[in-house]
There are 2 protein chains.
Amino acid sequence: MGATKTEHFTGKHNSIAILAKALGHPARIAIIEYLLSVETCICGDIVNELPLAQATVSQHLKELKNAGLIKGSIEGNAVCYCIDEKAISRLQTYFANISVKLAKKKTDCC
Amino acid sequence: MGATKTEHFTGKHNSIAILAKALGHPARIAIIEYLLSVETCICGDIVNELPLAQATVSQHLKELKNAGLIKGSIEGNAVCYCIDEKAISRLQTYFANISVKLAKKKTDCC
DNA sequence: TTTTAATATTGCAATATTACGATAAAGATT
DNA sequence: AATCTTTATCGTAATATTGCAATATTAAAA
């Protein structure tokens, strides 16, 4: 026990959960917002922006990247990170759909 | 170490992260989708729907409730759970705003 | 080529999450 | 009242996450 029973859920449920989980930490939300606010996006800037050690920030960046929320391209000896629009778009669509479905429900039971 | 340094981040970042984190598990996504798909929403049904023990489902429901994503009202000896539209609406707005900001950015650096 | 700068990785401690059986609590049914 | 049904909570084991210092890696600069 202890591990998420991933294999018992649908691919759709898992893939949304992976995106949500990656955003489930304030540092990673802060990274996304920072990437959104700047034109140049170098990792060093992100480290300076966050109240965490370089190693920790690097780890958070890795998780965002694994989830597909950001992409990184090597730029000399620095790395240029930026948001992957497709992932954000998927989330936007997902929550918009839920909103529409909720609006259509007549019974507001609670 | 080990605990999230919540106090070092803004209230906004934390509150979005709390919502995202609550959705960061396939079982909890499955619960949201199930609540969306039914009119009557009794906890027992949710337990039957998920490949997890009753205690585990109850725990996931608690987390969704703590995050503000669902509300529960006592209905006899059962509990009627349903989605809290405000939370979904907040997420929808959040990702829509990001999408808009991304579209406005000229430089697509990666 | 040594040195410097920027990131990533490793190793580890602290803490959190996931899952479930057992049990408790509280209303419904008999 | 005794029992059943439904949901919550407790205790505990397994696993994952968070955070950082130390170190590795890799490219630029001197």
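Visitor: Which element gives the most to the surface near DNA strand D?
Guide: Happy to start there, with a predicted model in which local features need pLDDT of at least 70, side-chain atom pairs count only at pLDDT 80 or more, and totals for chains, interfaces and linings use all residues. Residues are numbered from 1 along each chain as written, chains are lettered from A and ligands numbered from 1 in written order, and side-chain values use heavy atoms, without hydrogens or water. A residue is near the strand if one of its heavy atoms lies within 4 Å of it, and helices (H or I, at least four residues) and strands (E, at least two) are DSSP runs numbered from the N terminus. With five residues, the element that gives the most is α4(A).

Visitor: What does the side chain of A:His60 approach on DNA strand D?
Guide: A polar contact is a pair of N or O atoms within 3.5 Å. At 2.9 Å from an N or O atom in the side chain of A:His60 lies a phosphate oxygen.

Visitor: Which part of DNA strand D lies 3.0 Å from the side chain of B:Asn77?
Guide: Of the strand's atoms within 4 Å of the protein, 67% belong to sugar or phosphate and the rest to bases. B:Ser58 has a polar side-chain atom 3.0 Å from a phosphate oxygen. For an N or O atom in the side chain of B:Asn77, the partner is a base oxygen.

Visitor: What relation links chain B to chain A?
Guide: A 180° rotation with 0.0 Å of shift along its axis superposes chain B on chain A, RMSD 0.0 Å, by least squares on C-alpha atoms of residues with pLDDT of at least 70 in both. So the relation is that of a two-fold axis.

Definitions and conventions:
Polar contact = N/O pair within 3.5 Å; in protein donor to acceptor, adjacent residues only side chain to side chain.
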